[in-house]
Protein chains: 2
Amino acid sequence: MKQAFHWFCRKCGFREDFGRSYYWKCPKCGSPLVISTGRRYEVSKGRGLARYKSVLPVTPLKYMGEGETPLVKVSEEGVEVWFKLEYLNPSGSFKDRGTSLSLSYARKLGYTTVVDDSSGNTAISISLYSRALGLKPVLFIPRTAPEGKKKILRFLGAELHESESRGAASVDVVEYSRSHPEAYYVAHTWSYFYVIGAATIAFEVFDEAGVPDYVIAPVGSGGLLLGLAHGFKTLLEQGLTTKMPRIIGVQGYSVQPVNVALKGVETPGEESWLADGIMVPNPPRLAEIVDAIRESQGDVHLVGNTEVREAWLKLVDQGFLVEPTSAAAYAALERLKTRLQGKSVLVPLTGSGLKIIPLM
Amino acid sequence: MKQAFHWFCRKCGFREDFGRSYYWKCPKCGSPLVISTGRRYEVSKGRGLARYKSVLPVTPLKYMGEGETPLVKVSEEGVEVWFKLEYLNPSGSFKDRGTSLSLSYARKLGYTTVVDDSSGNTAISISLYSRALGLKPVLFIPRTAPEGKKKILRFLGAELHESESRGAASVDVVEYSRSHPEAYYVAHTWSYFYVIGAATIAFEVFDEAGVPDYVIAPVGSGGLLLGLAHGFKTLLEQGLTTKMPRIIGVQGYSVQPVNVALKGVETPGEESWLADGIMVPNPPRLAEIVDAIRESQGDVHLVGNTEVREAWLKLVDQGFLVEPTSAAAYAALERLKTRLQGKSVLVPLTGSGLKIIPLM
């Protein structure tokens, strides 16, 4: 019994069959949309994300090596840590999962250009996948973005537009997409494709090792945390497991919207710009993130530069060549170790250090 | 029936049980050694190289995500190309396979320091794995090595010694290892660990897709080509297949010792410094490389900068974010396409572009 996927708005109830149109947000009320399904989870033959095509709204048009990342289990002071090496995806971050789905949909619908506002891992991911799928990548980035990232993006053939600030970039990109009907606005902080992409991490972990007791994930726009929640919840709801992990979100003290939403008050602490990849002040899916954490009886933890740096070097010491943002979750684990004795804890390592270390 | 591994010298016949001593070259005649075995190939449970532990002289002490890289099959103008994404190994190159074996052996034998002469992918691989295995990495590099690579090596905690040239580095490193009995000289251009490491690529390809008709591999010191030959030959000799791929080695016009050895004369052509990773003027295993190519009824092809650059950009266009050296083999394939109609061709993509593109 194959039910169709559909676009759905949690806020106003907008609902439409999936597959003919694209919305980066609800056309009725402007809220983030989800893509829901009643399809049965099963593992298909093939490689990468296609193994989970039964529950994916789009099958990747091309397999480029994304997914099926290594899972490394390490026993650390009484905690069983499951590191998922997401930085070994093709462009060096877990974003490739969502990008693969999102851009395959763009191609399917006949768009010829892809546009987004990002200067980080998502921008690199989008540029790489655009080329491979025959789409033209256009990126709005803040003028202040690091030169090394601009070099990678230019090398990948992206058309770069430099906006005054991160905020200005997010306005300029919408303007651009309005006047360019051939352009598909990825809107990665809004897009449910990135949530579903991250859900495949949960599926892979489940297939290989089962359900962990805890998940500790860095939270910027929340796609990773929501994806892991979505993935494990799918397995739970379909009766493939009776266990749901507790989900711990990790933010930096400098930008902590999830913490404020969950606890009602800002928690003071050291600045945290080292974990720049999670500095998202207004994540569009904030309400969903809070719900996912609460529902799993999870929590949010905050970290600062000192802890992030220590955790980062400790990860590299173990052979994990990641970027500092990847270490935020591991820094939080460090603090929680006494509480997590005997537990299994999934820690996704999100982005490659190779993009930044040569420039340091 | 488990037969022991042993060190063996093809030239003078030196032979010794493996496991108690380490030799980077034959202690009797100074030739490169091989490590041979009579053990039966089988696929074990586990992840990474440990899956092939029955035919490995050393099992990696730690799994850090190396191996099991994606295999992407693409049909290109009548040729079935099997890309093996070796640049998605933990330090960004296939060298991690050999490093994992070599350094595990160093640890097993009680060495505390690891020393090598390299400024490229091997140096980064050795530095990363040394940290993770609790060994101190010491590297002799030419003074002229690119600053970006030095930065990565320093970040990884390597002790760097700058020699006057590549040649001087290879002299200085031997000097150093003589006066430091605690130091294990990796000698990656001599080491059979790197050959056996690369053989696991062949095993993975065989398990997933069978034996290809052709293998096209870049040849510097030859570890990759010899490893692929060793791997497929092991499968053939043990009766697991009746097919052996033809092996095509690829070098640049600027440095072409294999071509000269095979054809007796230098072939003139465009300079090829873009493929810097394969510019090895005197590969210690030259005779073995020539034998492996001849025995498989293979060949050697030469490429120049223009072809390498074109092939490189074409690879990136397909979503493979590699370094130019990785493109040498693909450049050769481009030329051979009419001859390879209907054939399956394995092309390992060796190193990540992320190490150099941010610096370009």
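Q: At what angle to β7(B) does helix α2 of chain B run?
A: This model is predicted: local features need pLDDT of at least 70, side-chain atom pairs count only at pLDDT 80 or more, and totals for chains, interfaces and linings use all residues. Residues count from 1 along each chain as its sequence is written, while chains are lettered from A and ligands numbered from 1 in the order written. Helix α2 (residues 121-133) of chain B lies across β6 and β7 of chain B; helices (H or I, at least four residues) and strands (E, at least two) are DSSP runs numbered from the N terminus. With angles taken from 0 to 180 degrees between N-to-C directions of axes fitted to C-alpha atoms (for helices, over the stretch in contact), α2 runs to β7(B) at about 165°.

Q: Which residue of β7(B) is the bridge partner of V114(B)?
A: Strands β6 (residues 113-117) and β7 (residues 136-142) of chain B run parallel, joined by 5 bridges; DSSP has to find at least two for a pair. For V114(B), the partner in β7(B) is P137(B).

Q: Which strands stand at the edges of the sheet in chain B?
A: It's an open sheet of 4 parallel-paired strands, in the order β8-β7-β6-β9. Two of them have a single partner strand each, so one side of each is left without a neighbour in the sheet. Those edge strands in chain B are β8 (159-163) and β9 (183-185).

Q: How many residues in the contact of α6(B) with α8(B) are charged?
A: Helices α6 (residues 223-237) and α8 (residues 286-295) of chain B pack at about 45°, axes 10 Å apart. The contact (C-beta atoms, placed from the backbone, within 7 Å) is made by L225(B), L226(B) and A229(B) of α6(B) with E288(B), I289(B) and A292(B) of α8(B). Asp, Glu, Lys and Arg count as charged, Ala, Val, Leu, Ile, Met, Phe, Trp, Tyr, Cys and Pro as nonpolar, and the others, Gly among them, as polar. The split is 5 nonpolar, no polar and, for charged, 1.

Q: Which elements give two or more residues to the side of chain B that touches chain A?
A: The contact takes 33 residues from chain B and 32 from chain A. On the chain B side, the elements are α2, α3 (147-155) and α9 (305-317).

Q: What kind of axis relates the two copies?
A: Chain B can be laid on chain A by a turn of 180° and a shift of 0.0 Å along the axis, with an RMSD of 0.0 Å; the fit is least squares on C-alpha atoms of residues with pLDDT of at least 70 in both. The copies are thus related as by a two-fold rotation axis.

Conventions. Contact = placed C-beta atoms within 7 Å.
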